[in-house]
Amino acid sequence: MGRFTLPRDLYHGKGSLEELKNLSGKKAIVVVGGGSMRRFGFLDKAVGYLKEAGMEVELFENVEPDPSVETVMKGAEKMREFEPDWIVSMGGGSPIDAAKAMWAFYEYPETTFEDLITPFNFPTLRTKAKFCAIPSTSGTATEVTAFSVITDYDKGIKYPLADFNITPDVAIVDPDLAETMPKKLTAHTGMDAMTHAIEAYVSTLHCDYTDPLALHAIKMIHRDLKASFDGDMEARDRMHNAQCLAGMAFSNALLGIVHSMAHKTGAAYSGGHIVHGCANAMYLPKVIKYNAQNEEAALRYAEIASFIGLQGEDTAGLVDALIAELKSMNASLEIPSCIKEYEGGIIDEKEFMDKLPEVAKLAISDACTGSNPRVPTPEEMEKLLKACFYDEEIDF
Ligand code: FE
């Protein structure tokens, strides 16, 4: 049996934020990040609309990037005091992810993170509140997904939470919010979305319901991301929809080892974090090459290549064309080709090599590995990661 779950309502298009006026409830808490939503006036607008809907409104502000367990607990406590029947979260992936976890602890104060990290094991939510998500970046698609990532900084662990209970009730995909994204964020989040769609399309859990979403998202991102990066706001608006379609696909088909590798290399090195979307963009061409050794995966990559108008003599030729196209997209978006080039070389080569066996092991055990079309051995994963460090061609 398969399951396909999305928010019950999705409002999209310019000005759709106004739909908040039509939510029915008594009290709403609005969860936001560090200040861009306030600065650009969207927070005031959202609060105004909720008040027009007759609701009492409280704010929970300053959710940090890569939100912590502490922030989640603070937010949940505020919710327990205020007792909202709507949780409205607005911003990049972080405030929305944090609000999803707050929701669980608001409804079930006695639960623990350890209880929640078992995938698809959440208690039944919506006994106290419903959830509305409003993204301001075009990448994570957390507004339509069953996922949230919370970081325990004491233990140095990222908790990936996964359950259809935390798929929002309402998503508002208003491109006005995404027009505020700086250039680099546009590139990184856009390639994150491209990775979501491609990994979902070749995932072992892909199905007839996820395939069209993934393919159409790939076509749109291929067409619009560069222009969006260059400041074309109509392309930026379309990218906001495209990333959401990619999210609908991967929330139900899951992902693959590009994400496993990005998760486990993201915060592993003392030189700095490797930003999620940028890591995906750098690793995706290598992983396609590796996965394409699996015949069925190769056929699916070739389908993607044909769908976006690339040429190739046969399946292998089409796969190569897809890899070349993604590399050229990266270059046009000023994304480096490998970890060695990342941010002027902040990741130390020796540290990378010292940690390689451990990081490879962790990447294999990542939740995203299970749905990848090939399950790598530790040796293969080390080779892949090394290829991503030096931009080496891999041949296996
Ligand atoms: Fe991602």
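This passage describes the iron site and the internal cavity of a predicted model.

We can begin with the metal. The iron ion is held by four residues, with coordination through the OD atom of Asp192 and the NE2 atoms of His196, His259 and His276, at 2.2 Å. Read along the chain, these donors fit the spacing D-x3-H-x62-H-x16-H. The site thereby brings together distant parts of the chain: Asp192 lies in helix H7 (residues 183-202), while His259 belongs to helix H10 (residues 257-266), 67 residues apart. Asp192 and His259 are both buried. As for geometry, the angles subtended by the four donor atoms around the iron ion run from 83 to 168°, and the arrangement is therefore irregular. For orientation, the ideal angle for four tetrahedral donors at a metal is 109.5 degrees.

Attention now turns to the empty space inside the protein. The count of cavities of 30 Å³ or more comes to one, and the largest cavity has a volume of about 50 Å³. Its lining is made up of Ile198, Glu199, Val202, Gly256, Val258, Leu284, Val287, Ile288, Asn291, Tyr301, Asn372 and Pro373. Two elements, H7 and helix H11 (276-291), each give two or more residues to this lining. Helix H11 provides the largest share, with four residues. In character, the lining of the largest cavity comprises eight nonpolar residues, three polar ones and one charged residue.

Helix H7 thus features in both parts of this account: Asp192, a ligand of the iron ion, sits in helix H7, and H7 also contributes two or more residues to the cavity lining.

How values were computed
Residues are numbered from 1 along each chain as its sequence is written. This is a predicted model: local features need pLDDT of at least 70, side-chain atom pairs count only at pLDDT 80 or more; totals for chains, interfaces and linings use all residues. Side-chain values use heavy atoms; hydrogens and water are left out. Donors are N, O and S atoms within 2.8 Å of the metal (3.2 Å for Na, K and Ca); water is not among the atoms, so sites may look incomplete. Four donors count as tetrahedral if all angles lie between 85 and 135 degrees; four count as square planar and six as octahedral if opposite donors are over 155 degrees apart and all others between 65 and 115; anything else is irregular. Buried means under 20% relative accessible area, exposed over 50%, partly exposed in between (1.4 Å probe, protein chains only). On a 1 Å grid over the protein atoms alone, a cavity is a set of points where a 1.4 Å probe fits but cannot get out, and a pocket is an open set with protein on both sides within 12 Å along at least five of seven lines; lining residues have an atom within 4 Å of a point. Grid points are joined across faces, edges and corners, and a volume is the space filled by probe spheres set on the points. Ala, Val, Leu, Ile, Met, Phe, Trp, Tyr, Cys and Pro count as nonpolar, Asp, Glu, Lys and Arg as charged, and the others, Gly among them, as polar.
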